[in-house]
Amino acid sequence: MEGIGAQLGYPLIVKPSRSGSALGVTKVNSAAELPSALVAAYAYGAVAVIESYLEGTEIAVTVLDEGDGPVALPAVEIRPESGVYDYESRYTAGATRFVTPAALPRDVLEAAETLAVAAHHALGLRHISRIDMIVQGGVPTFIEANVAPGMTETSLAPLAIEAAGREVGEVVAKLVATVEH
């Protein structure tokens, strides 16, 4: 445990390699917290990811490809009251404030959109994805890609779709038609 901390430094994020809704994700501030964080991650699968915690502005960029190539929708800025966008922050009404488009300078938003489309393409994703990032010092850093972004009333993709001036139902119907062909 000390070796991991020595190599990556603290704080860390420990999460399952395959999960959703931040289930099994733990912020770790010391070596003493690492074993229980790993147990929480292993509850969701055989592989855990350990990565450096990035302090900054968390954003999500939905990428939509309706057949004409991937396009980034407006970035959603995530402002959890607790400071951590965990399961409770995601699904408790009022626990997180979402700002769409994100309250960041235009050049930062453009860089985030470019990064999101590049990640979508590099990972071989199709139709719709959500690319999560942390912005530090005006530079967006890729965290993860979500290949089946949530579409509930507390999900980020519908916020981005609406911020783009689109109707969620219309977008979903067009995606279904695209997949059928």
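Student: In this predicted model, which residues does Glu77 touch, not counting residues up to four places away in sequence?

Tutor: Setting those sequence neighbours aside, Glu77 is in contact with Thr57, Glu58, Ile59, Arg97, Phe98, Val99, Ala102 and Ala103. The residue itself belongs to strand β6, which spans residues 76–80.

Student: Is Glu77 buried or exposed?

Tutor: A residue counts as buried when its relative accessible area is under 20%, and Glu77, at 6%, is therefore buried.

Student: Which polar partners does the side chain of Glu77 have?

Tutor: The side chain of Arg79 makes a polar contact of 2.8 Å with that of Glu77, and a polar atom of the Glu77 side chain also lies 2.8 Å from the backbone nitrogen of Ala103.

Student: How should I read a helix such as α2, and which of its residues are buried?

Tutor: Begin with the periodicity: an α-helix has 3.6 residues a turn, so residues three or four places apart point the same way. In helix α2, residues 34–42, the buried residues are Leu34, Ala37, Leu38 and Ala41. Because they cover an arc of only 100° around the axis, they lie on the same side of α2.

Student: What do the buried residues of α2 pack against, and which exposed residues does the face turned away from them carry?

Tutor: The buried residues pack against α1 (2–8), β1 (12–16), β2 (26–28) and β3 (48–52), whereas the face turned away from that buried side carries the exposed residues Ser36 and Val39.

Student: Where is His121 placed, and is it buried or exposed?

Tutor: His121 sits in helix α4, residues 106–122, and since exposed means over 50%, its relative accessibility of 65% makes His121 exposed.

Conventions: Residues numbered from 1 in each chain as written. Predicted model: local features only at pLDDT ≥ 70, side-chain atom pairs only at ≥ 80, totals over all residues. Heavy atoms only, no water. Helix = DSSP H or I, 4+ residues; strand = E, 2+ residues; numbered from the N terminus. Buried < 20%, exposed > 50% of the residue type's maximum accessible area, 1.4 Å probe, protein only. Polar contact = N/O pair within 3.5 Å; in protein donor to acceptor, adjacent residues only side chain to side chain. Contact = heavy atoms within 4.5 Å. Arc of directions from axis to C-beta.
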